Amino acid sequence: MRLGELISYKPIGFGREEWSNPSIVVEQCPAPNEGLIVVYDSGEKFYIDDENYEIVILTSSSLAIT
């Protein structure tokens with residue numbers, strides 16, 4: 001995922017109607033929390049990862065997370 005992308009996510013195994021609101025990717029965590037992605041959703045920051053969450057990219061950004 002890239003900085004600035006708009007995504008929707010839900011815990012793996014949850015129903016089709018339980019996707020999050022559209023959320024913007026704002027940060028990728030460095031070690032020791034590598035793999036965690038910080039998203040901004042409804043005025044709050046949430047930490048997600050692609051091992052425990054299904055993630056759909058809604059729009060793309062040309063900025064790479066470093």
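E54 counts as partly exposed in this predicted model, because its relative accessibility is 32%. That value falls between the two limits: buried means under 20% and exposed means over 50%. E54 stands opposite K10, and E54 itself belongs to β5.

Now look across at K10. This residue lies in strand β1. Is K10 buried or exposed? K10 has a relative accessible area of 4%, so it is buried. The cut-off for buried is under 20%.

What do K10 and E54 form together? They form a salt bridge, and their closest N and O atoms are 3.4 Å apart. The pair links distant parts of the chain, with K10 in strand β1 and E54 in strand β5, 44 residues apart. Side chains of opposite charge can pair when their charged atoms come close. How many salt bridges does the structure hold? The count is 1 salt bridge.

K10 has other partners too. Its side chain reaches the backbone oxygen of F14 at 2.5 Å. Which residues touch K10 once its neighbours within four places in sequence are left aside? They are G15, R16, E18, W19, N52, Y53 and E54.

Step back to the strands. β1 covers residues 6–11. Strand β5 covers residues 53–59. The two pair in the antiparallel sense, over 6 bridges. The facing residues K10 and E54 give a place to find this pairing on screen.

β1 also pairs with strand β2, which spans residues 23–28. This pairing is antiparallel as well, and it runs over 2 bridges. To find it, look for I7, which stands opposite S23 in β2.

Next, follow the chain from β1 towards β2. The loop between these strands contains G15. We met G15 as one of the contacts of K10. G15 counts as partly exposed, because its relative accessibility is 23%. How far is G15 from I57? Their C-alpha atoms are separated by 18 Å, and the two residues are 42 residues apart along the chain.

Move on to the loop between β2 and β3, where P32 has its place. The β3 strand itself covers residues 37–41. Which kind of peptide bond joins A31 and P32? It is a cis peptide bond, with omega at about 5°.

After this comes the loop between β3 and β4, and S42 is found there. The strand β4 covers residues 44–48. S42 is not a glycine, yet it has a positive phi of about 55°. S42 counts as exposed, because its relative accessibility is 57%. The limit for exposed is over 50%.

Finally, turn to the surface. Which residues make a nonpolar surface patch? L3, I24, V26 and Y40 make it, and the patch is about 300 Å². L3 comes from the segment before β1. It counts as partly exposed, because its relative accessibility is 31%.

Here is the route once more. Start at K10 and E54, which form a salt bridge. Follow β1 to its antiparallel pairing with β5, then to its antiparallel pairing with β2. Pass the cis peptide bond between A31 and P32, and then S42 with its positive phi. End at the nonpolar surface patch of L3, I24, V26 and Y40.

Key
Residues numbered from 1 in each chain as written. Predicted model: local features only at pLDDT ≥ 70, side-chain atom pairs only at ≥ 80, totals over all residues. Heavy atoms only, no water. Patch = residues over 30% accessible without salt bridge, like charges linked within 9 Å, V, L, I, M, F, W, Y side chains within 5 Å. Areas by Shrake-Rupley, 256 points an atom, 1.4 Å probe, with all protein chains shown as cover. Salt bridge = Lys/Arg side-chain N within 4 Å of Asp/Glu carboxyl O. Helix = DSSP H or I, 4+ residues; strand = E, 2+ residues; numbered from the N terminus. Buried < 20%, exposed > 50% of the residue type's maximum accessible area, 1.4 Å probe, protein only. Pairing = 2+ DSSP bridges. Polar contact = N/O pair within 3.5 Å; in protein donor to acceptor, adjacent residues only side chain to side chain. Contact = heavy atoms within 4.5 Å.
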